[in-house]
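Let's take a friendly walk through this model together. Keep the viewer open as you read, and follow along from the whole chain down to single residues.

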Amino acid sequence: MIDTWKSDLRTYVTEHATQMTREPSGVLAHPYTVPSSPDSPYYSNALWDWDSWFISVVLGQVELETGEAGRFGVYEEGTIRNFLDHTDADGVMPLLLKPEGPLLHGDPSRAAGFSQNMHKPIIAQQAALLSRRRGSAEWISDGIPVIQSFLERYLESHIHAETGLAYWQTDFAIGVDNDPSVYYRPDRSTASIYLNSLLYRELLAFGSLLEDLDRLPEANRWRGRAQDLADAINTHLWDERDGTYYSADLAFREIDGDDWLHSGAPRSWSALLLRVDNWSSFLPLWAGFASQEQAERMRERLQDTRTFRANFGVRTLSRLEKPYNLRASNNPSNWLGPVWGISNYLVFRGLEKYGFTDDARELAEQTVELFGRDLATTGCLHEFYNPDNGEAIMTRNFQNWNFLVLNLIAYLDGRPVVAEF
């Protein structure tokens, strides 16, 4: 059956990929991409941050498979330029854009200081991906100052001084919406392994763009910042006891030398691990800053069917965690156990990167089976799935990163594969 599923999915993705493209509309002055087909109940007209990054990975694979190089370039470049157009002078980039305007949450004037999440650190990675396909970064040279201001805003307003780790401002729009390590926790209290992994790759990608533009000294400075972040992650977020990475709690009161209660033994730690087992703990394999020994231990944890491994991929939350559930939910979407196409894909990429090819192939095949069964049964794909029986949970005609199955099929067939930076 897997050959049938591969053939059907390959045809479906290549024929439907164009449904994720949109022409300029309202405040969106450039062509752009969206996660779903026009008739999907959600996500059919808005430009989202990390969603658009993976759509670009998919579109690159479609171009490769169809021999139509550059077919989607105007939409991918337009996506990036729409975000750059709406980045303010302080480097704050919106995480979502609709034709009627950007998504604002909280006080848009930021009169009380920087207090909300912004675009996830993936814009340089998206630009680097497109630059590789075009063979040059010259097309984005005019946008480099805006991308730099965006990254400087992250390093100024999202970094915990004591640890050097990146943290979320709030639990709003964090990508993995209801991750218990962040969801309902106090503001600015979680150094998320997901966020830190993304930011590490983002700093490297910006260095790559600068090198492509013959700005090598600057490129090396940004790569140095990436290494500083990797060092902080390995110092504070790696758990030697459990053999994995976790997010960490940063919510401590400042040390007060005059406080009689604590003066005899003030705290000597600046972060405490939040031992919540979710799929984000495997992102360091995708990011590439884990050692081979660390990767071996994480691979062992990933194979445990009591926790993460299921018939159709990787549970987004360990089945042994108390919040585990498979309910349909939107805003927030449910990441408390269902299988998502993007989590399967990124874990696959991490396994492949560290040489666990048998495991990578198995996960790719499980993902092909998941989407192949859904396509055969419903005629489309969905947002997330039951990890044990593969049943779709919600959001008909969700496309987005599910279409990365095309890249997985190419990998399984031994054909060239487009991958993110």
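## Overall shape and packing

A residue is called buried here when its relative accessible area is under 20%, exposed when it is over 50%, and partly exposed in between. By that rule, 59% of the 421 residues in the chain are buried. Please bear in mind that this is a predicted model.

The chain is built from 12 helices and 15 strands. Along the principal axes, its C-alpha atoms fill a box of roughly 70 × 50 × 40 Å. The radius of gyration is 21 Å, which agrees with the value near 22 Å for a compact globule of 421 residues. Contacts across long stretches of sequence are well represented: of those between residues at least 6 apart in sequence, 69% join residues at least 24 apart.

## Surface and charge

The accessible surface amounts to about 16,500 Å², and carbon and sulfur atoms account for 47% of it. The chain carries 38 positive and 59 negative charges, and the mean positions of the two sets are 3 Å apart.

## The nonpolar core

Nonpolar side chains tend to be buried together in soluble globular proteins. In this model, the largest nonpolar core holds 127 residues, and F54, I140 and I342 have the most contacts inside it. Helix α6, residues 193-212, supplies the largest share of this core with 12 residues.

Which residues does F54 touch, leaving out those up to four places away in sequence? They are I342, Y345, L346, W401 and L404. F54 sits in helix α2, which spans residues 49-66. F54 counts as buried because its relative accessible area is 0%, and the cut-off for burial is under 20%. For a sense of distance, the C-alpha atoms of F54 and Q169 are separated by 24 Å, with their positions 115 residues apart along the chain.

Turning to I342, its contacts beyond four places in sequence are W50, F54, W335, W401 and L404. W401 and L404 therefore appear in the contact list of I342 and also in that of F54, with contact taken as heavy atoms within 4.5 Å.

## A second look at helix α2

V62 also belongs to helix α2. At 0% relative accessibility, V62 is buried. Beyond its neighbours within four places in sequence, V62 is in contact with V13, T14, A17, R71, F72 and L406. The C-alpha atoms of V62 and R10 are 9.2 Å apart, although the two residues are 52 apart along the chain.

## Backbone details worth a click

Most residues other than glycine have a negative phi, and most peptide bonds are trans. The loop between β12 and β13 holds N331, and P332 lies in the loop between these strands too, β12 being residues 313-314 and β13 residues 339-340. The peptide bond from N331 to P332 is cis, with omega near 5°. N331 itself has a positive phi of about 55°, although it is not a glycine. Is N331 buried or exposed? N331 counts as exposed, at 69% relative accessibility.

Y43 is another residue other than glycine with a positive phi, near 65°. Y43 is found in the loop between β2 (32-33) and β3 (47-48). With a relative accessibility of 16%, Y43 counts as buried.

## Two more loop residues

N397 is placed in the loop between β15 (392-394) and α12 (405-413). N397 has a relative accessible area of 11% and is buried. Setting aside residues up to four places away in sequence, N397 touches Y12, S36, S37, D39, S40, C380 and L381. The C-alpha atoms of N397 and H382 are separated by 5.8 Å, and the two residues are 15 apart along the chain.

L103 lies in the loop between β5 (101-102) and α4 (123-134). At 33% relative accessibility, L103 counts as partly exposed. Apart from residues up to four places away in sequence, L103 touches L95, L96 and F172. L103 and D171 are 68 residues apart in sequence, and their C-alpha atoms are 15 Å apart in space.

Note on methods
Residues are numbered from 1 along each chain as its sequence is written. This is a predicted model: local features need pLDDT of at least 70, side-chain atom pairs count only at pLDDT 80 or more; totals for chains, interfaces and linings use all residues. Side-chain values use heavy atoms; hydrogens and water are left out. Helices (H or I, at least four residues) and strands (E, at least two) are DSSP runs, numbered from the N terminus. The radius of gyration is taken over C-alpha atoms; the globule rule is 2.2 Å times the number of residues to the power 0.38. Buried means under 20% relative accessible area, exposed over 50%, partly exposed in between (1.4 Å probe, protein chains only). Accessible areas come from the Shrake-Rupley method with a 1.4 Å probe; for residues, only the protein chains shown count as cover. Lys and Arg count as positive and Asp and Glu as negative; His and the chain ends are not counted. The place of a charge is taken as NZ of Lys, CZ of Arg, CG of Asp or CD of Glu. A nonpolar core is a set of buried Ala, Val, Leu, Ile, Met, Phe, Trp, Tyr and Cys residues joined through side-chain atoms within 4.5 Å.
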